[in-house]
Each structure stands twice: as C-alpha cells, then as structure tokens.
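Reader: I'm new to this structure and would like to look closely at a single part. Could you pick one helix and walk me through its surroundings?

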2 protein chains.
Amino acid sequence: MQNKGNLIVISGFSGVGKGTVVKRLVSDYGYSLSVSATTRQPREGEVDGRDYYFKSVAEFQNLIDYNGFIEWAQYVENYYGTPRAYVEAELSEGRDVILEIEVQGAMNIKRQYPDAILIFLTAPDADCLKNRLAGRGTEDDEVINKRMKRALEESENMSEYEYIVINDDLDTCIRTVHGIIEAKRCERENNMEFISQIKSELRQL
Amino acid sequence: MQNKGNLIVISGFSGVGKGTVVKRLVSDYGYSLSVSATTRQPREGEVDGRDYYFKSVAEFQNLIDYNGFIEWAQYVENYYGTPRAYVEAELSEGRDVILEIEVQGAMNIKRQYPDAILIFLTAPDADCLKNRLAGRGTEDDEVINKRMKRALEESENMSEYEYIVINDDLDTCIRTVHGIIEAKRCERENNMEFISQIKSELRQL
C-alpha cells in the first residue's frame, strides 16, 4: 500500500547474533541488504561486494567528497560507510532495505531518515551475552572483557531505538523483526491514501 | 518483558472475515478472547459463554448499574456489552485480550484504555468486499446493499484506528495482526525497565 520502501536499521550487542538474523531476514523474506564500504583489508573468505565493498583510502575519500555515503565513520585507522546510491535506489523502488550498523551510525541515519525503523537486538540478560561470547571459544578473556565493556557503552544508546528485540530463540527473533516491519506498513499514517481510496469506492457503489 | 497484557480491538467491514481471523489468533497464538454479553435471543448452534453470554434485560441493566461493562451499546432493541471482569483479570495476568467490536465501541475502549491496539480489517477494495458478501450466497441484494451502506459509514472511522490490515490472504493477515501485537511488545516505551536492568547488569560484570 505504501510506495516507498522502509529503511531498517539493525544494531545490537556484539555476540548477539545480528549477522545471522540479518542473513535470515534477507533469505527468508527477501529484504534488500545494504553492503558497507570499507578501507580495511579483506579477511580470508570475504568477497568484495558481498561482505564489503573494499576501497582504497583515496576512493573512499572521493566518495565522501561526492556525498556518496549516507553515513560513514572511522574506527581505529579504517573507514566504514553506507553507500547512498544503493539504499536510495532500493527505497524508491519500494523495497525494504536493511542496514546492520553501529549505534553512532544509526543515530546519524535517524537524523537523515526520520521514518527509519531502528531495532536494537539484545540477549535476554548480561550473563547470557557474556556466555555467548565465551561460548564461541575463539576469544580469550581479554577480548571478551573488551567486548563487554563495549556492550556497556552501546547500552547507553539502547533507549534511542524504537524497538528492543530479544534474540533468545532465533526463529522467534526473526519473525518478530519481520513483524515489526509489517506493522509499520499497516500503520494508519502509511495508509491514508488507501483509506481515501476505499471510501471513495464505497461511495460510488 | 511487559507485565500487563495488551488489549487488542479488532473491527472491520462486515464480510471481511473478522470472525475467522479472531478465531485463528486464539487457536494459533493463544490469545484470550473476550466474549460479549447480549440480550438478544441465541441463534441455532450458539452456545452461552462461547458465542455470547445471553442475559435478560434485567440482568444486563444490573450489570450496567454495577459498572460491569467496559463498553455497551444498544442496537435496534438489543443490548450488547463487553464484560469488565474477564478483560481486566486477563490483562492483569499479563495475557493479551482480543475484543471483536463495532467502531463506536472501539472508540469507547480507546478513551478508557489509551494503550489499546486498534486494528481495522479491510478487503483490498470495495468491489472485493461486495463480491465477498454476494459470494456467501445467503444474502439477497437488499441485505448486501444495506451492508455496503453500513461499510461506507464504518469507513468514516477507519482513520481512528492505529493499524489498517488488508485481509487478502487469510494466513498473511493473521500473521500480520500477530506481528503488530509483537511489535507493540518490543516498543522502547514498553521496555524501559528491561533496558535499565541490562545496563545495571553490564555495569556489575
């Protein structure tokens, strides 16, 4: 009923399963996924255009100059950004686009796209979050503690998100996120044209 | 995360399939369903306490006097009302309660329960609505025209509802309504306590 697609921003604590949730939203429901650009080196197995668009610093700088990102940021010595062209093309075609993005980026997006749907994924509690990080078995204590500290920082912005979704059971979490987007589409404000239309049809019958 | 249940009000055009949607929400997702009280005579096959609570006029009047309804109305010469006790008990137990109710009743509910979720079910267009009414084969033209006239009246209040859901495919419609209620549960405003809790847990780790 709505002509323009929704911009969906998904953030959440490290280790909460954002990547899996986003992948499943794309595969199960056909959402479009925005792929970020970065100047960092590809890791083993990463594919250009699928995991990231890998750019040189000069290329990235040029894209900044030409307003090519809807948001970008520097972490440590690498740049990360969300390419504008793809997002805007998809939205104007009526497709819903997902961005998986850090808290600061999300706040930037909200300023530019006030209708963006901001969703924060969390574990049921802090212990559970810590156990998940530890459970990966690949990280040592120092890394886990650093991530938990980062989680504390991220939690400061949780209340800026419109929706808080607990990823306890993966399938439920995915259905809930999809439900949130469907609900948005059904909101009165997004259906005023439909309402006028059916009223006028009823009058003419 | 939320302690109190949601009050869900479902209205919609005659013939749009409200009854089926509501029944499936109860059977598929375990929502509580409020059963209305009425002074009209039971029709064949109707069961007291399942389809309606059948009351004498004196009993109904007494319930009105004792604030026993959260809303009631008179149509033609019969009274219809939503018993207060069941709804409030279910909500305070944290269960989501569905009311299938007319437009005027829905507006009454909204005044008393500002957090109630008001959902309006519609057909994709007016022709489709008319075809569904005709398709039942049980109604003559006069009845159909009367219902379409009533649909026009009801459409005047559509924009008072927070959500407009098109019942085109039944399963999709049911999932969408469930999604709307799930989304409500995830709204930031309903999770402030959870946010404080996890913040304080993260600080203590």
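Author: Here is a walk along helix 6 of chain B, and then out to the contact between the chains and the domains of chain A. Keep in mind that this is a predicted model.

Let's start with the length. Helix 6 of chain B has 15 residues, and at 1.5 Å a residue they should span 21 Å. The C-alpha atoms at its ends are indeed 21 Å apart, so expectation and model agree.

Now, which residues of this helix are buried? They are B:Ala151, B:Glu154 and B:Ser155. If you look down the helix axis, these buried residues fall within an arc of 95°, so they line one face of the helix. An α-helix has 3.6 residues a turn, so residues three or four places apart point the same way. Turn to the face away from the buried side and you'll find exposed residues: B:Glu142, B:Lys149 and B:Glu153.

What lies over the buried residues? Part of the cover comes from chain B itself, with helix 4 (103-112) and helix 5. The cover also includes helix 8 (192-204) of chain A, so to speak a visitor from the other chain.

That takes us to the contact between the chains, which uses 33 residues from chain B and 34 residues from chain A. On the chain B side, helix 6 (141-155) is among the elements giving two or more residues, along with helix 5 (126-135), strand 9 (163-166), helix 7 (170-186) and helix 8 (192-204). Sorted by class, that side of chain B has 17 nonpolar, seven polar and nine charged residues.

How do the two chains sit relative to each other? A turn of 180° with a shift of 0.0 Å along the axis lays chain B on chain A with an RMSD of 0.0 Å. The two copies are thus related as by a two-fold rotation axis. Within chain B, B:Gly179 comes closest to that axis, with its C-alpha at 2.0 Å. And 100% of the interface residues of chain B are interface residues in chain A too, so the copies meet through the same surface.

One last look, at chain A: its domain assignment gives domain 1 (1-31 + 96-205) and domain 2 (35-94). Their centres are 20 Å apart, and twelve residues of domain 1 are in contact with ten residues of domain 2. On the domain 1 side, the largest share, five residues, comes from helix 4 of chain A.

How values were computed. Residues numbered from 1 in each chain as written. Chains lettered and ligands numbered in written order. Predicted model: local features only at pLDDT ≥ 70, side-chain atom pairs only at ≥ 80, totals over all residues. Domains from an automatic or database assignment. Contact = placed C-beta atoms within 7 Å. Helix = DSSP H or I, 4+ residues; strand = E, 2+ residues; numbered from the N terminus. Nonpolar A, V, L, I, M, F, W, Y, C, P; charged D, E, K, R; others polar. Least-squares fit on C-alpha atoms with pLDDT ≥ 70 in both. Expected span 1.5 Å × (residues − 1). Buried ≥ 20, exposed ≤ 12 C-beta atoms within 10 Å, placed from the backbone. Arc of directions from axis to C-beta.
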